[in-house]
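Me: I've got a model open and would like to go through its geometry with you. Can you take my questions one at a time and show how you get to each value?

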Amino acid sequence: RCLRRVVENKELFCGWRSASCGCGCCDAESELDETEAQEAAEALFEETSEARRRVSMGEDLADDQGNPLAIHVKVPQGLKKCSKCHTYKKAHRFRGSVCTGCVRREKRARGDRDDDSEPIEEVMRRCVKPWTEEDYPEGRCEVCMSQDADDEEDEFVMCAGCNVCVHTHCYGGELIYESSPGNWKPHIPEGDWFCQLCTEKGVPSSREIPVTCVLCPVRFGAFKPTIDGRWAHLCCMRAHPEVESECVYRQERVSGLCDAHHKRWSQRCMVCGTFAGACVECTASVAPGKQCPNTFHVGCAVYAKDSRFVLTPVETSNSDTINWVRLCPEHSGSFA
């Protein structure tokens with residue numbers, strides 16, 4: 001189309017041509033300079049595109065006199081616009097005027113379940129509980145869930161602040177040292193020992209804001225910091241397929257959270273019923289080519305009150321690869 005007509009009539013252009021295009025509306029006396037015309041057309045195109053973007057976000061536009069501007073925004077057929085995120089999605093993915101994605105994000109932020117709005121603190125108090133000496137008089141590691149301890153190689157150590165019981169090698173950090181290249185030995189601290197969470201955030205009674213695992217809603221257990229400044233259980237880190245630690249010996253700096261499959265962050269835990277954190281699937285097969293649909297948080301499975309889960313590593317032919325067996329209570333009885 002003629003560039004002069006585009007600029008003077010403020011029409012949306014789809015490209016530019018020389019002003020002397022032979023369309024009959026251009027004459028030699030009023031011919032536009034090609035460079036100036038291109039700049040004017042580009043500015044007009046940017047202005048029109050910005051106006052359409054603002055209208056698509058739900059904004060009402062007006063001119064200098066306050067008169068409303070009519071900007072045509074083409075809505076794709078069969079789609080509907082969300083009133084919160086202002087994006088177009090298929091109509092069946094809405095609850096009222098809000099898309100299911102926004103609804104799900106709000107529930108995860110609150111830690112609410114889908115069927116009611118019970119506070120997450122009450123849900124945790126009802127579903128899980130920390131281990132005590134009455135449950136395991138001889139101690140139990142809250143990382144590997146084992147009750148065995150070798151006095152010479154791998155002792156139990158208990159935090160004086162939160163009463164977390166761990167193996168020296170399972171917790172790593174300051175509980176081990178490298179006696180020679182590649183040879184790590186336990187280091188039992190003298191006097192009271194405080195875990196890394198209690199050292200940095202204080203004991204549980206003095207924390208203004210409770211610390212929650214990024215992978216589950218449980219607020220007690222053996223924590224380690226993540227690479228982005230949050231906290232995660234060591235037991236959750238070990239049992240999640242995509243999550244790992246930067247140093248396998250010291251078990252520090254949990255990484256791989258961005259590599260976790262996106263579906264894990266939107267699954268409901270069968271223990272607490274919330275969408276908080278990331279779930280794992282039961283690895284049992286219920287039919288040829290079909291896996292058990294039950295999903296759960298690793299932390300909820302470890303500290304569940306009534307149910308028995310199986311979370312154990314299985315050796316493979318590749319020494320660098322560890323497969324985990326994760327079974328829900330429905331299939332844990334078949335594990336030998």
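Me: What share of the exposed area do carbon and sulfur atoms supply?
Reply: This is a predicted model, so to speak plainly about cut-offs: local features need pLDDT of at least 70, side-chain atom pairs count only at pLDDT 80 or more, and totals for chains, interfaces and linings use all residues. Residues are numbered from 1 along each chain as its sequence is written, and side-chain values use heavy atoms, with hydrogens and water left out. Areas come from the Shrake-Rupley method with a 1.4 Å probe, and for residues only the protein chains shown count as cover. The chain exposes about 19900 Å², and the part supplied by carbon and sulfur is 47%.

Me: How much of the chain counts as buried?
Reply: Buried means under 20% relative accessible area, exposed means over 50%, and partly exposed is in between (1.4 Å probe, protein chains only). The chain has 336 residues, and the buried share is 38%.

Me: Among contacts between residues at least 6 apart in sequence, what percentage join residues at least 24 apart?
Reply: A contact here means heavy atoms within 4.5 Å. With pairs at least 6 apart in sequence as the pool, those joining residues at least 24 apart make up 44%.

Me: Which residues have the most contacts inside the largest nonpolar core?
Reply: A nonpolar core is a set of buried Ala, Val, Leu, Ile, Met, Phe, Trp, Tyr and Cys residues joined through side-chain atoms within 4.5 Å. The largest one has 64 residues, and those with the most contacts inside it are V166 and F296.

Me: Which helix gives that core its largest share?
Reply: Helices (H or I, at least four residues) and strands (E, at least two) are DSSP runs, numbered from the N terminus. The chain has eight helices and 18 strands. The largest share of the core is five residues, and they come from residues 234–239, helix α7.

Me: How many residues are in the second, separate core?
Reply: Its members include V98, C99, C102 and V103. The full count for this second core is six.

Me: Which strand pairs with β7 in the antiparallel sense?
Reply: Two strands pair if DSSP finds at least two bridges between them. Here β7 covers residues 176–180, and there are four bridges to residues 183–186. One bridge joins E178 to W184. The partner strand is β8.

Me: Which residue in that hairpin takes a positive phi?
Reply: The hairpin of β7 and β8 has two residues between the strands. The one with phi near 85° is G182.

Me: Which residue has a positive phi of about 65° although it is not a glycine?
Reply: Look in the loop between α4 and β5. The residue there is buried, with a relative accessible area of 16%. It is M145.

Me: Is Q251 buried or exposed?
Reply: Q251 is found in the loop between β11 (244–247) and β12 (252–255). Its phi is near 55°, a positive value in a residue other than glycine. At 12% relative accessibility, Q251 counts as buried.

Me: What is the C-alpha separation of G173 and E252?
Reply: G173 sits in the loop between α5 (168–171) and β7, and counts as buried at 1% relative accessibility. Leaving aside neighbours within four places in sequence, G173 is in contact with K224, R250 and E252. G173 and E252 are 79 residues apart along the chain, yet their C-alpha atoms are separated by 6.8 Å.

Me: Over which ring does the charged end of K224 sit?
Reply: The rule asks for NZ of Lys or CZ of Arg within 6 Å of the ring centre and within 35 degrees of the ring normal. The charged end of K224 is 4.3 Å from the ring centre of Y171.

Me: How are the rings of W131 and Y136 arranged?
Reply: Rings of Phe, Tyr and Trp (its six-membered ring) pair if their centres lie within 6.5 Å; planes under 30 degrees apart count as stacked, over 60 as edge-to-face and the rest as tilted. By this rule there are five aromatic pairs. For W131 and Y136, the centres are 5.5 Å apart with 70° between the planes, and the pair is edge-to-face.

Me: Why is the pair of W131 and Y303 tilted?
Reply: Both W131 and Y303 are buried. Their ring centres are 5.1 Å apart and the planes are at 45°, so the pair is tilted.
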